[in-house]
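Please consider the sequence and the model shown here together. The paragraphs after them lead from the ligand to the protein interior and then to individual backbone features.

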Amino acid sequence: MSFDVKKIREDFPILQREIYNKPLVYFDNAATTQKPRQVIEAMEHVYSRINSNIHRGVHFLSDRCTEEFERSREMVAGFINAAHSHEVIFTAGTTASINLAAFSFGETFVGEGDEIIVSAMEHHSNLVPWQMLCGRKKAKLKIIPLNEKGELLVEEFEKLISARTKLVTLSHVSNAIGTRHPVEKVIELAHKKDIPVLIDGAQSIQHEVIDVQKMDADFFVFSGHKVYGPTGIGVFYGKEKWLEKMMPYQGGGEMISRVTLEKTSYNRLPFKFEAGTPNYVGAIGLAAALQYLRETGMENIIAYERELTDYGVSKLSEIDNLRLVGTPRERTSVLSFLIDDIHPYDAGMVIDKMGVAVRTGNHCAEPLMDFFKIRGTIRASVVFYNTKKEIDILCDAIEKVKQMFY
Ligand code: PMP
């Protein structure tokens, strides 16, 4: 392995702390990732050296801040290989990006009787905004079903496509059980009928190389905080041909080109979709996070995370009375499980006392939990600063849970 995990961990101040006098083992990465000091320092640099509102100023600080903000946009565009940096819109996060899409795309292209296709495995963020749109427009939501392993049935998806389908929207990787969906195949099938596809990349941007042009996604969204960047910043990528036609989501400053009391003409891309003062500190922090990943090397990260995930699956599978929920062929980073009939919350409380942070509950994917007929799971999600030793500690904590509840 060409990167040194010990050295990487030194970059993350929070990983040095103890919880209940035990070293912190942080396995709640799918909820949010920890931040390297490079990100913290980049944000401190803005507030202590260049802070000023962007775009409108003629003074030195405003100029510098604008420059770094726009450079961050270029960084994001490069990281996902967007054809143009103006296809990158800064938002508050994945949820905000999907709401933007549901409103702007929906108001522009969706009418009564039209259809949107979504999967049965979505985070509520990629379901509820589309339900709301369908409610507003009297449109219909069609659902791609899944099998017992927690994989989407692509053949069934094909059958759902009709002349009324306006958009397909799908997560790249399930936050609840880690399935990596065959988004390339879905996009290819949808594009045969000229239907655009939105990919929710909240759980993939940190685990694989994203090339929106190669993938041919029409829209790709993600949150900064899940990719080692700050909270409150996210990305809405859209192909220029769609963004040009879509109406703006919010009105206000920045998104206008000319305003009279009667009428407003809108600004060019990307500003048309960025009303108000953007989170420029967050954007600069996000760019620092992407730069950190670049320097670490995505190929190193991917190889190491694969090894860790495989190790986790095999160790957990050895534990008696432990059931992995979701056994997809293509899994990314997430290990979701139940220990016998012990309530996930009770298990999570005991695991926490061992200094291990896992998430318990339905993971904002209630329809998926309904499908498996469970209330929730215990979820450990691994990233490149985790270690095999930490997985062993989790396994010990699970044994402790069993001792307590049996
Ligand atoms: N989609 C997926 C797949 C997610 O994992 C999450 C976060 N758990 C979201 C959407 C929502 O992200 P955010 O809360 O950052 O807006």
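The description begins with the basis of the model and then turns to the ligand.

The model is predicted: local features need pLDDT of at least 70, side-chain atom pairs count only at pLDDT 80 or more, and totals for chains, interfaces and linings use all residues. Residues are numbered from 1 along each chain as its sequence is written, and side-chain values use heavy atoms, with hydrogens and water left out.

The residues around the ligand, each with a heavy atom within 4 Å of it, include Thr94, Asn175, Asp200, Gln203 and Lys226. This shell divides into one nonpolar, eight polar and two charged residues; here Ala, Val, Leu, Ile, Met, Phe, Trp, Tyr, Cys and Pro count as nonpolar, Asp, Glu, Lys and Arg as charged, and the others, Gly among them, as polar. Polar contacts are pairs of N or O atoms within 3.5 Å; within protein, one atom must be able to donate a hydrogen and the other to accept it, and residues adjacent in sequence count only if both atoms are side-chain atoms. Polar side-chain atoms of Thr95 and Ser223 lie 2.5 Å and 2.6 Å, respectively, from an oxygen atom of the ligand. A polar side-chain atom of His123 lies 3.3 Å from a ligand nitrogen atom. Of the 400 Å² of accessible area that the ligand has on its own, the protein covers 85% (Shrake-Rupley method, 1.4 Å probe; for residues, only the protein chains shown count as cover).

In soluble globular proteins, nonpolar side chains tend to be buried together. The largest nonpolar core here has 107 residues, and Ile80 and Phe384 have the most contacts inside it. Such a core is a set of buried Ala, Val, Leu, Ile, Met, Phe, Trp, Tyr and Cys residues joined through side-chain atoms within 4.5 Å, where buried means under 20% relative accessible area, exposed over 50%, and partly exposed in between (1.4 Å probe, protein chains only). Helix H10 (residues 280–296) supplies the largest share of this core, 11 residues; helices (H or I, at least four residues) and strands (E, at least two) are DSSP runs, numbered from the N terminus.

Ser62, in helix H3 (residues 60–79), is buried at 0% relative accessible area. Its side chain reaches the backbone oxygen of Asn53 at 2.8 Å.

Two residues other than glycine have positive phi: Asp216, near 65°, and Glu254, about 75°. Asp216 is in the loop between helix H8 (212–215) and strand E9 (219–223) and is partly exposed, at 30%. Glu254, in the loop between helix H9 (240–245) and strand E11 (256–259), is buried, at 11%.
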